[in-house]
Amino acid sequence: MNFKHKYVFLFPGLFVLIGILIFPIIFTIRLSLSGWNSYTPEMNFIGITNYIRLFTDDPRFWESFFRLSFLSVSTVILQYIIGFALALMVWREIKFKRFFRVIFLIPMMTTPVIMTVIWRTFFHESLGPVNDLLGHFGIGPILWLSDPVIAKFTVIIVEVWQWTPFMFLLLLAGLLSLPKEPFLAAAIDGASSFRKFVYVTFPLMAPISIGAIIIRLIEASKIMDTVFVLTSGGPGTATETSSFYIYIKGLREFQMGYAATLSFTYLVIMIISLTIIAKVLTKLMIKE
Amino acid sequence: MKIIKTCLTAIISSVMIFSPMAYADKWSDQFPHIKATGDIPGECSYESMSKKNYKGKTLKINTHAVPVMGEPTALHAEQFAKLTGAKVDVTHTPAGDLYAKAMVPFQAGQAPYDIVFGFSNFINDWRRYLEPVPKKYVEMKQMQDVTPSHIGIASWDGVMYQFPVDGDRHYLKYRKDVIDNPKYQKKYKADTGKELRVPRTWKEYGEMAAYFNDWDWDGDGEKEYGSAEVMKKDDLMYAAFYSRSAAYSKNPKTPGGFFFDLETMKPLINNPGFVEALTDWVEATKYVPPGGINFGLGDEIGSFGGGQTLFSFSWDDAFVAAMQPDSPINNKVGAAQLPGAMKVWNRESNSWDEGFNQAPFFVWGWAVGVAKKSKEKEMAFDYLCFFANEANHQADIGIGRFGVNPFRDADFQADVWTQIGWDKDIAQSYVDTLAEMEKSKNRVFPLRVPGTFEFNAALATAAAKALAGQLSPQAALDEAAKQWEDILNRVGKDNVRKAYAVGVAMEDNKL
């Protein structure tokens, strides 16, 4: 039997992989070595000029990256805590369990852009209902979108509201799949609810938690639509994230070559940092 | 004999007077949009278009989102389809993506759209992909009425690439019921020792706006504020900043560039004139409505047009919106030239020239062109000509949300506006304001050079940082000037100089 035939069966999958993954990455790398923009509409070769510019003369990208790190880490931590709490709540035998499960999932089922437009209307400082409501209690007006510090927290609120259900869903699935025996053993030993959570539930949930956190970190690090609709990166550059900055450079200013440089650099940084985060989380949360 | 003569004269006169109306009614019955004027005879009138036959052909248009420019595009597309039998596909795109949506296929040598809408300052980047407007349209009657400034804006080196459908400039809008109110004039004088009047300078503007900020001065039970301005980064705020800068930096004694020194191509945007304007603007964050620092154009139109502020300055839309019959401040607003300054920076003597200076800003506006690679160029130009025909134009300019603003000499007649319900003195002040801008010899035109987007974005980011308190005005503009130098080096100083010279010639009244 000629085993070389087996490679023929690999071609379709390989072809799709090259088409949708390898080619765009190679094209991005090639584009990043060009000066393609509105006035030089060609894939010329300028070497590593764009990379030199990025590492020596573009503090805005790095500022946006650190801002992104803060936003994504803080939103994912909050989503994890709230999502875990909600999952624990409906994991137990409570009334209207099914109703609550559906209710908690609604934010995730809505369209992010449309919901962000609604949130923006809520938070509109002079015309929105939130400040109007707070005004009845003598509070405000709070500059939800136009104060550089508060605007960051507004973005966090919207992101947490939108994506906590995703965390809730993953963690609930994890809780439902846990074996019953360790809990029975803990109950026989007379462990309190708190001790059961710390010594049984949490350790058993660690692998699922790490997976959920990493998935959400990957998603959160691409945060773009919320920032785009809610604040446009403002006030000033206070809520500008890496992906929004890359969008500005590529599709607003039409610096395609430079935007490709930013994208590729960003991809490399994310691969490295997420790998490190996954390893650290595994070390911290999973005990041999 | 005399009686017969008189009767004949009366009959002929009646026919002459009423025939256009009868003629107009034929079309306005089918197209209520033009009910106020009926069809107006011309090369691209409803009557003329009805004689064209584009059955079986499809016209593809990329325009802005509804309503601003998107709504009239779709409306006239529907009318055009009915008249000519053509199929017209209209795609709506957010403002920020208009440039890229056309530019990507342009650069790839494709023409997914026959007609592309954008901003007039795209002209330098787009012109190599656009079909020049054919001579027969350039020479037609409706084009002869377009003001020279707007012909200049739509053209490059004497060749028209953009079909004029809109005319834009920034000017001051104010609440006439407050500024002209004797009670408030007395109170303002008593409290500040100064006259309450239409502000002549940005400093006066700031003082009055601060005084009328955060209290209910129109008795509607809600607080009002000083000023609504476009301050949101990436939402045309750079145009608002140029408007505020013109009075301090456009010195008629120093021709040769407002944004750059044409000779050396040194960016001028961090000179003391611009810094003074940005300092004023940072001060303005104290008298805008809560959240005003994040106002885009739509917010500004809604805020001033909804009666929330005393002042505003930007495009016509907020004024026209305020003057619409359903507006709470209908016939309570006034128009005036942009405020000036009592000093202007002289870059040659490196000092301030004392004395009043004012400079109108002919900001970019909506522009539209036909793709060079389009296979339906004739139909595309006919559509644009129909869009801007006299009947459509007169109807469009009276609807604030359409974003179609005056650009024809005929628009500068008060009667055009009183016919749609404006008070005579308001209509007069409006047309006088626009006409004076046309006459001014110290005008600023938008930057139209290779990399325009990069220059404006760098400036907007820096100004936004200053408004948000992240940087001082001087530091912010120094940062922008440094970035402008970098962009110049990337694009090539000579490339930019060559293109910038066209705009400077317009500013220096040499074109």
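# What makes each term apply

Modeller: In this predicted model, B:Glu131 stands opposite B:Val370, a residue of strand β13 of chain B. All local features here need pLDDT of at least 70 and side-chain atom pairs count only at pLDDT 80 or more, whereas totals for chains, interfaces and linings use all residues. Residues are numbered from 1 along each chain as its sequence is written, and chains are lettered from A and ligands numbered from 1 in the order in which they are written.

Colleague: What makes β4(B) and β13(B) a pair?

Modeller: Strands pair if DSSP finds at least two bridges between them, and β4(B) is joined to β13(B), residues 366-371, over two bridges in the antiparallel sense, so the condition is met. As for the word strand, it stands for a DSSP run of E with at least two residues, while a helix is a run of H or I with at least four, each kind being numbered from the N terminus.

Colleague: Why are β2(B) and β4(B) said to stand at the edges of their sheet?

Modeller: The open sheet has five strands in the order β2-β1-β3-β13-β4 of chain B, with mixed pairing. Strands β2 (87-93) and β4 (130-131) each have a single partner strand, which means that one side of each is left without a neighbour in the sheet.

Colleague: How many bridges join β11(B) to β12(B), and which residue of their hairpin takes a positive phi?

Modeller: Five bridges join the antiparallel strands β11(B), residues 341-346, and β12(B), residues 351-357, and B:Ala341 stands opposite B:Asn357. Between the two strands of this hairpin lie four residues, and B:Asn350 takes a positive phi near 55°.

Colleague: Is B:Lys187 buried, exposed or something in between, and how do you know?

Modeller: Burial is judged by a count of other C-beta atoms, placed from the backbone, within 10 Å of the residue's own: 20 or more is buried, 12 or fewer is exposed, and anything in between is partly exposed. B:Lys187, which is found in helix α10 (residues 182-192) of chain B, has 14 such atoms and is therefore partly exposed.

Colleague: Now to chain A; what makes the length of helix α5(A) agree with expectation?

Modeller: The expected span is 1.5 Å times one less than the number of residues. For the twelve residues of α5(A), residues 112-123, this gives 16 Å, and the end C-alpha atoms are indeed 16 Å apart.

Colleague: Why are the buried residues of α5(A) placed on the same side?

Modeller: The buried residues are A:Thr116, A:Trp119 and A:Phe123. They cover an arc of only 60° around the axis, which puts them on the same side of α5(A); the arc is that of the directions from the helix axis to the C-beta atoms. An α-helix has 3.6 residues a turn, so residues three or four places apart point the same way. On the face turned away from the buried side, α5(A) carries the exposed residues A:Ile114 and A:Thr121, while its buried residues pack against α6 (129-135), α7 (148-176) and α10 (225-230) of chain A.

Colleague: How do the buried residues of α19(B) lie around its axis, and how do you know?

Modeller: Helix α19(B), residues 424-439, has 16 residues and reaches 22 Å from its first C-alpha to its last, close to the expected 22 Å. B:Ile426, B:Ala427, B:Tyr430, B:Val431, B:Thr433, B:Leu434 and B:Met437 are buried in this helix. They cover an arc of only 150°, which puts them on the same side of α19(B). The face turned away from that side carries the exposed residues B:Lys424 and B:Lys439, and the buried residues pack against β7 (171-175), β10 (333-336) and α18 (414-418) of chain B.

Colleague: How many residues of chain B are in contact with chain A?

Modeller: Contact requires the C-beta atoms of two residues, placed from the backbone, to lie within 7 Å, and 29 residues of chain B are in contact with 26 residues of chain A. The largest share of the chain B side, seven residues, comes from α20(B). By class, the chain B side divides into 13 nonpolar, eight polar and eight charged residues, where Ala, Val, Leu, Ile, Met, Phe, Trp, Tyr, Cys and Pro count as nonpolar, Asp, Glu, Lys and Arg as charged, and the others, Gly among them, as polar.
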